[in-house]
Amino acid sequence: MLRMLYRYENRYYAKIMSLCYLILAGTLLVGRLTYELFVYLEKSLPEDSDMLVLTSIPMSLVLMLAVLAVFAVLIIPQVLLAVRFWKNLIRDGGYLSLTLPVKPQAHVGCKIVTAFVWTVISALVSAAFVAAAVLLFNDKAVETIVEAYRALKNAGMSEMIIIFAALAVNGLLYALVTAVRTAFSMSMGQLTRKNKLLVAIGSWFGTGVAWDILSSMAYVVAMIPILSAEVSEEAAESVLTEMPILIANAAVSVIFIVVGWCVSNYVFKHKINLE
């Protein structure tokens, strides 16, 4: 039954996110073509041409739209997660969902994991699409990749691999934190009989503020030994000096995940108020 829940959730996300990815690809393609057109006109027309000024306006709008499309693709999985909680556990669908032979924790975990997976997929797809858009119509695409590789090699490949791995872990933890925050916020709405959605939205912004405060505190704590220690100039220039900050940020993420998971499971198990 748990496998069927995951399959059902993934089908729901796949239908919507596939369309979002197509829209993102089309938006980035249009943005790239608009940029190429502007570059062509910039070379062909004099600098004081009114036509050049007029074409810069739609180009800026299209590029801004492309950036917004990337952010939208990253946010939509969390919106869908809130919708799934609202429709399948809190509203009428909850009467059917909670009769299934699985624990309430399974419903919560299934929705969180599915949203987390699709958030990661969205990040990878967005990065791939943006990279393709940047390299498209670029005669020096191969040279750019080679130069980037040489720059990484000169900077210390082993150190860069370690720092990139740490950044990837922090990115995955943050994606999971975002999903757990959504579940936690929806569970907070269950503690009231009225204005559940408003309470959930307020909890979302409240946990965001709490995240910023704890992250800032962790950053300060991690920076104290770095600033107080006497290190050589070579060690100071190493990217590994950022590791304590990344470790502190990961610790804050783990705390958020554990607390949010426990509270969400408790509320949906003992305090759920179906409408």
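What pLDDT does the protein chain average, and what share of the residues score at least 70? The model is a predicted one, and its average pLDDT is 80, with 75% of the residues scoring at least 70. Confidence is not spread evenly along the protein chain. Helix α4 (residues 104-135) comes out highest, at a mean of 88, while helix α8 (residues 233-237) comes out lowest, at a mean of 48. Around that low point, residues 232-236 stay under 50 in pLDDT, and the model gives this stretch 3 contacts beyond four places in sequence. Where pLDDT is low, predicted coordinates should not be read in detail.

As for the overall build, the protein chain has 9 helices and 0 strands. Followed along the sequence, the pattern reads α-α-α-α-α-α-α-α-α. Of the 275 residues in the protein chain, 35% are buried. Among contacts with a separation of 6 or more, 82% are between residues 24 or more positions apart. The accessible surface of the protein chain adds up to about 16,500 Å², and carbon and sulfur atoms hold 71% of that.

One piece of that surface is a nonpolar patch made by V67, F71, L74, I75 and V79, which together offer about 430 Å² of accessible area. V67 sits in helix α2 (residues 50-90). With a relative accessible area of 44%, V67 is partly exposed, because it falls between the 20% limit for buried and the 50% limit for exposed.

On to the charged residues. Side chains of opposite charge can pair when their charged atoms come close. The structure holds 2 salt bridges. In one of them, the side chains of E9 and R84 meet at 3.2 Å, N to O. This pair links distant parts of the chain, with E9 in helix α1 (residues 2-44) and R84 in helix α2, 75 residues apart. E9 has a relative accessible area of 3%, so it counts as buried, and R84, at 5% relative accessibility, is buried too. A salt bridge also joins the side chains of K111 and E9, at 3.0 Å, N to O. Because K111 lies in helix α4 and E9 in helix α1, this pair ties together parts that are 102 residues apart in sequence. Both K111 and E9 are buried. Through shared partners, the salt bridges join E9, R84 and K111 into one network.

Helix α2 also carries F85. F85 is buried, with a relative accessible area of 0%. Leaving out residues up to four places away in sequence, F85 touches I90, V108, K111, A183, M186 and F268. K111, a contact of F85, is also part of the salt-bridge network. The C-alpha atoms of F85 and T182 are separated by 9.2 Å, although the two residues are 97 apart along the chain.

F268, another of the residues that F85 touches, lies in helix α9 (residues 243-270). With a relative accessible area of 3%, F268 is buried. Its contacts, again not counting residues up to four places away, are F85, L89, I90, P104, V108, A183, M186, S187 and Q190. S187 is 81 residues from F268 in sequence, yet the two are 6.5 Å apart in space, C-alpha to C-alpha. I90, V108, A183 and M186 are contacts of F268 and also of F85.

Two further residues give a view of other parts of the packing. T119 is found in helix α4, and a relative accessible area of 11% makes this residue buried. Beyond four places in sequence, T119 touches L74, P77, Q78 and A175. L74, one of these contacts, is also a member of the nonpolar surface patch.

S185, for its part, has its place in helix α6 (residues 157-189). S185 is buried, with a relative accessible area of 2%. A polar atom of the S185 side chain lies 2.8 Å from the backbone oxygen of R181. With neighbours within four places in sequence set aside, S185 is in contact with A200, S203, W204 and T207.

Conventions. Residues numbered from 1 in each chain as written. Heavy atoms only, no water. Helix = DSSP H or I, 4+ residues; strand = E, 2+ residues; numbered from the N terminus. Buried < 20%, exposed > 50% of the residue type's maximum accessible area, 1.4 Å probe, protein only. Contact = heavy atoms within 4.5 Å. Areas by Shrake-Rupley, 256 points an atom, 1.4 Å probe, with all protein chains shown as cover. Patch = residues over 30% accessible without salt bridge, like charges linked within 9 Å, V, L, I, M, F, W, Y side chains within 5 Å. Salt bridge = Lys/Arg side-chain N within 4 Å of Asp/Glu carboxyl O. pLDDT = per-residue confidence, 0-100. Polar contact = N/O pair within 3.5 Å; in protein donor to acceptor, adjacent residues only side chain to side chain.
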